[in-house]
Amino acid sequence: MTMSTRTLGSTGPQVSALGLGCMGMSALYGGADRAESIATIHAALEAGVTLIDTGDFYGMGHNELLIGEALRTAPAARREQARVSVKFGALRGPDGGWSGYDGRPAAVKNFAAYSLQRLGVDHIDVYRPARLDTDVPIEETVGAIAELIEKGYVRHVGLSEVGAGTIRRAAAVAPVADLQIEYSLISRGIEESVLPVTRELGISVTAYGVLSRGLISGHFSADRQLAADDFRAHSPRFQDENLRHNLNLVEALRKIAEQKGVSVAQIAIAWVLSRGEDIVPLVGARTRERLAESLGALDVTLDAADLVAIEEAVPAGAAAGERYAAAQLAQVER
Ligand SMILES: NC(=O)c1ccc[n+]([C@@H]2O[C@H](COP(=O)([O-])OP(=O)(O)OC[C@H]3O[C@@H](n4cnc5c(N)ncnc54)[C@H](OP(=O)(O)O)[C@@H]3O)[C@@H](O)[C@H]2O)c1
């Protein structure tokens, strides 16, 4: 199989059209199997996936150590093709609690030093603040990444969950490869004011939550028991009436998927892929089975009639509930 590729921004790296997001292998979606996680990363690399996404705070370093091990034990040719994208800045406590964001230049360099060690690499391909630190001008945070680039520790600047004004300010300091932000059939918020700006400035979008954290994967059901530390146990879209409403949207999508002989997850991923060459979906597969399903989306072609049917099944704004609980929503720029 030849993997199709997309370029991150006008100055960024060429990466596989589908990236692997590794967060769920360490945190937020309930327990994951370590050996299966590593096997999934290996299978992704073997299939030609080159974009691997993480955050230093996913499991407080656990995710980077996991990726480091997977890279170390992968065939050299695959390891060399991997482009690792790292988010930094989120502050955690020993109990796993969250206590804000730090985008000060000295902190950025400190975070990078630890990430390089945990990943076991000599550079990070794309380095990005996970959220805007509202106490630090974005110019200073991006300036620190630019210094790391100058010294060879980082290759490209990325951003995450920031709005149009911050994107412009950041891009005025250094070229930005991509903005990582939630984008899916049921989270289309970026279409109005963010996508026009990234397109104007030649910045790509690495879309996360393409399956809305499993909600629109076709595998989620209302009777699924979630642990208290599972993100979804507190996400408005997964609560009671909202969940029932949202799963009805999935059933409408399932009819289209069945007619095309593909799965719901494949339709949802293919829809994001169809939004433009500047968009690279990050899928959160943490097993080889889910990965294989996700990769199948690359072979799904949505024609005009399919897109109309999908729009009718899941019109923009159709989801019930916000994509984050109020406290987390306050940390994403809109
Ligand atoms: N920048 C940011 O603020 C931000 C925020 C969140 C995530 N991210 C990044 O984006 C990546 C993807 O986000 P996400 O994990 O929320 O995305 P997602 O792909 O929408 O959700 C992943 C979840 O969907 C379920 N799923 C069901 N079928 C699947 C399939 N065929 N393929 C993959 N997953 C399937 C899995 O749950 P089960 O394993 O339980 O089936 C998995 O845990 C993360 O790993 C992280 O790197 C970035």
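## Exercises on a predicted model

In this predicted model, the hairpin of E6 and E7 has five residues between its strands, and Gly96 there takes a positive phi near 90°.

**Exercise 1.** Work out how strands E6 and E7 run relative to each other, parallel or antiparallel, and find the partner of Ala90.

*Solution.* Start with the ranges: E6 covers residues 90–92 and E7 covers residues 98–101. Next, look at the pairing: two bridges join these strands, and they run antiparallel. Finally, pick out Ala90, whose bridge partner in E7 is Tyr101.

**Exercise 2.** Trace the barrel: which strands build it, and what is the sense of their pairing?

*Solution.* Go round strand by strand and you get E3-E4-E5-E8-E9-E10-E11-E12, a closed barrel of eight strands with parallel pairing. Ignoring direction, neighbouring strands of this sheet are turned by 30° against each other on average. Now zoom in on one pair: E3 (residues 19–21) and E4 (residues 51–55) share two bridges in the parallel sense. Gly21 has Asp53 in E4 as its bridge partner.

**Exercise 3.** Find which strands helix H4 lies across.

*Solution.* Take H4, residues 105–119, and check what it crosses: E5 (83–88), E8 (124–129) and E9 (154–160). Against E5, the helix runs at about 140°.

**Exercise 4.** Decide how the chain compares with a globular protein of its length.

*Solution.* First, the inventory: 13 helices and twelve strands. The radius of gyration is 19 Å and the globule rule gives 20 Å for 334 residues, so the chain is as compact as a globular protein of that length. Then check burial: 47% of the 334 residues are buried.

Terms used
Residues numbered from 1 in each chain as written. Predicted model: local features only at pLDDT ≥ 70, side-chain atom pairs only at ≥ 80, totals over all residues. Pairing = 2+ DSSP bridges. Helix = DSSP H or I, 4+ residues; strand = E, 2+ residues; numbered from the N terminus. Axes fitted to C-alpha atoms, helices over the stretch in contact; angles between N-to-C directions. Contact = placed C-beta atoms within 7 Å. Rg over C-alpha atoms; globule rule 2.2 N^0.38 Å. Buried ≥ 20, exposed ≤ 12 C-beta atoms within 10 Å, placed from the backbone.
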